[in-house]
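Trainee: I keep seeing words like "buried" and "paired" and I'd like to know what earns them. Could we go through this one together?

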Amino acid sequence: MTWVNAVIQGVMLGGLYALFACGLSLMFGVMKVINLAHGDLAMVAAYIALGVVTITHVPAIWSFVLVVPIFAALGYVLQRTLLQASLNRGVITTLLVTFGLSVVIENALQQFLSANSRELNIGSLVSDSFSIGSQITIAYLDLIILVVAVAVLLGLQYFLSSSRSGRMIRAVADDREAAQLAGIDYRHVFGIATAIAFGTVALAGLAYGMYTQFDPTTGTTALLLYAFEAVVIGGLGSLWGTLAGGILLGVAQQVGAQYHAADQVLAGQLLFLIILVLRPQGITSRRELA
Amino acid sequence: MTAAGTTGASPLLEVAGLSVHHGQLQALHDVSIAVPAGQVHAMIGANGAGKSTLLRTIAGLHAPTAGSIRLDGRDITGLRPERRVAAGIALVPEGRRLFPSLSVEENLLIGASSRRTGEWSIDAIYDLFGWMRDRRRQRAAQLSGGEQQAVAIGRALAANPRVLLLDELSLGLAPVVVRRIYATLPQLAASGMTILLVEQDVSQALAVASHVHCLLEGRVTLAGPPARLTGAQIEAAYFGVSAASNGNGYGNGSPPGTPASAGPASAGPASASPAISGPAISGPARQADQPPGVHL
């Protein structure tokens, strides 16, 4: 029964990883941008939420109402300026620019907001839970995060498959030049895709800030690697693969922790390496978005 | 449906003194062509002559190093490709370049992104290609080559262009499929659309165009209505051999027309002449056709 509990906890942890990874997956799928600043941006979102809560006194759980639109706008602007300029100069430039962005963000956070650990205070919700039987305990927050992750992926899937903008995003991801020939300004479409990705990374940052403590280095030390692993396990550019990858990673970690507490991270890395060797294209083989 | 204000004298599409470089290599040298509204013009020439480069430059995918491109008198040389679509230029690119993960209908809807209005609604495109409506939900990647070419044309039509650029429609398609694709062109021309097409299959180009331009190593070597060009002239302009070639094999007895506007260039290895004269001109350097069974 403890093993069943470990799997259930792993699935819910996987929801958090999937939430982190879907923005990374979207940006890679559409623009072939590997955003190394992804984890740090999540932390920026968490710090902005702290500020929003301090100023407006709204409950932290509602801070997303402000933070997500702010981040979407930031994503659009960043894409149309810095990232587009780097894309015009080649893949390596983009990688270097996002790496530089990561360093700048991390150090700026440390400089201006100190290296102290912070958390988004959500009151008793952080520890509230319900039990199934005697062995399985499910925290409401974990469940909420999983539900949000699935809802975000469902919404994204629906947006990409059914809306005019979503269709344009898929067309640009398929063939940028052909999209231009069809009258699409791909730079605007890139901006939209990045805005969505930034909205999801903001949600992930908030979820993490409620879930546990964070500091300016959390983005690179804890988040970016897991997000990458979820994306690679699931299959690059595939949103449902990303959910599956996040959940597999979470389950591997929790089952590893059940075996021995120190083995949590190791188990996740082992799964990642095994997938990389046996199925480098990821567990889903579909190449296209959504 | 020619544009108001366009007289016979002023062409709808005018390329003047165009030079294009790919890095160190100059792909086009001082190319000038003018296409009046409602006409079908064809660019012919061997592999690497610069035909595709010309169409792609007109569509905005290459920036010229010199020269200008005008649409109905308006200079569009500096416009981005998507703005040119909005202005009324649509290119069907070489290799079709459909969006493979999108359905047939989605490909057409993407083609309508510029929101230009006109007679080419999605329904009108389905009427042009009868089979397409029933298979609109199918992914573009699942279509045969000929079907993909039809969708690529449909996608360009969805932008309701004034000038339609067609790049190597016949590439990689079985001859019967090519004939069916080309059979739709008169309908497009009848609707007032101006067409500039690139074709390696010279006989195909001569059959549909009211005017042909021959490119050789980035320069226009011959231009004129097909009826007024002899096989020997075309062969010389196409391959760069001097007019000494005896003009056998091509042009079933067409009378020697009046001299073309541009003389054949004398560049190119004359030794190539014996090997390439005769039947080769009906389809030089054609790609391997797809196996039979391709259908539209």
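Mentor: Here is a talk through two chains, one label at a time.

Mentor: Keep in mind that this is a predicted model, where local features need pLDDT of at least 70, side-chain atom pairs count only at pLDDT 80 or more, and totals for chains, interfaces and linings use all residues. Residues are numbered from 1 along each chain as its sequence is written, while chains are lettered from A and ligands numbered from 1 in the order in which they are written.

Trainee: What counts as a helix or a strand, and how many of each are there in chain A?

Mentor: Both are DSSP runs numbered from the N terminus: helices are H or I with at least four residues, strands are E with at least two. On that basis chain A has 11 helices and two strands, in the sequence pattern α-α-α-α-β-β-α-α-α-α-α-α-α. Chain B comes to 10 helices and 10 strands.

Trainee: How do you know whether the radius of gyration of chain A agrees with a compact globule?

Mentor: Set it against the rule: 2.2 Å times the number of residues to the power 0.38, with the radius taken over C-alpha atoms. For 290 residues that rule gives a value near 19 Å, and chain A has 19 Å, so the two agree. Its C-alpha trace spans about 60 × 50 × 35 Å along the principal axes.

Trainee: Why is Ile145(A) called buried?

Mentor: A residue is buried if 20 or more other C-beta atoms lie within 10 Å of its own, exposed if 12 or fewer, and partly exposed in between, with C-beta atoms placed from the backbone. Ile145(A) has 25 such atoms within 10 Å, so it is buried. Across the chains, 52% of the 290 residues of chain A count as buried, and buried residues make up 48% of the 296 in chain B.

Trainee: What is Ile145(A) in contact with, leaving aside its neighbours within four places in sequence?

Mentor: Contact asks for C-beta atoms, placed from the backbone, within 7 Å. By that test Ile145(A) touches Met12(A), Gly15(A), Leu16(A), Leu19(A), Ala207(A) and Tyr211(A).

Trainee: Ile145(A) sits in helix H5 of chain A. How do you know what span to expect for H5(A)?

Mentor: Take 1.5 Å times one less than the number of residues. With 23 residues (140-162), 33 Å is expected, and H5(A) reaches 32 Å from its first C-alpha to its last, which is close. Its buried residues, including Ile145(A) and Leu146(A), pack against helix H1 (2-31), strand S2 (136-139), helix H6 (164-174), helix H8 (186-211) and helix H10 (239-259) of chain A.

Trainee: What makes a description of two packed helices?

Mentor: The angle between their axes and the distance between the axes. Axes are lines fitted to C-alpha atoms, for helices over the stretch in contact, and angles run from 0 to 180 degrees between N-to-C directions. Helix H3 (residues 64-87) and helix H4 (residues 91-113) of chain A pack at about 145°, their axes 7 Å apart. Leu82(A), Leu83(A), Ser86(A) and Leu87(A) in H3(A) meet Thr93(A), Thr94(A) and Val97(A) in H4(A).

Trainee: How many residues of each class does that contact of H3(A) with H4(A) have?

Mentor: Ala, Val, Leu, Ile, Met, Phe, Trp, Tyr, Cys and Pro count as nonpolar, Asp, Glu, Lys and Arg as charged, and the others, Gly among them, as polar. That gives four nonpolar, three polar and no charged residues.

Trainee: Over in chain B, what makes S9(B) and S10(B) a pair?

Mentor: Two strands pair if DSSP finds at least two bridges between them. Five bridges join strand S9 (residues 211-216) to S10(B), and these strands run antiparallel. For instance, Leu216(B) has Arg219(B) as its bridge partner in S10(B).

Trainee: Which sheet holds them, and which are its edge strands?

Mentor: Six strands form an open sheet in the order S6-S7-S8-S3-S9-S10 of chain B, with mixed pairing. Strand S6 (89-92) and strand S10 (219-224) are the edges, since each pairs on one side only.

Trainee: Why do S2(B) and S5(B) stand at the edges?

Mentor: They belong to an antiparallel open sheet of four strands, S2-S1-S4-S5 of chain B. Strand S2 (25-35) and strand S5 (74-75) each have a single partner strand, so one side of each lacks a neighbour in the sheet.

Trainee: And where chains A and B touch, how many residues does each give?

Mentor: Chain B gives 21 residues and chain A gives 16.

Note on methods:
Two residues are in contact if their C-beta atoms, placed from the backbone, lie within 7 Å.
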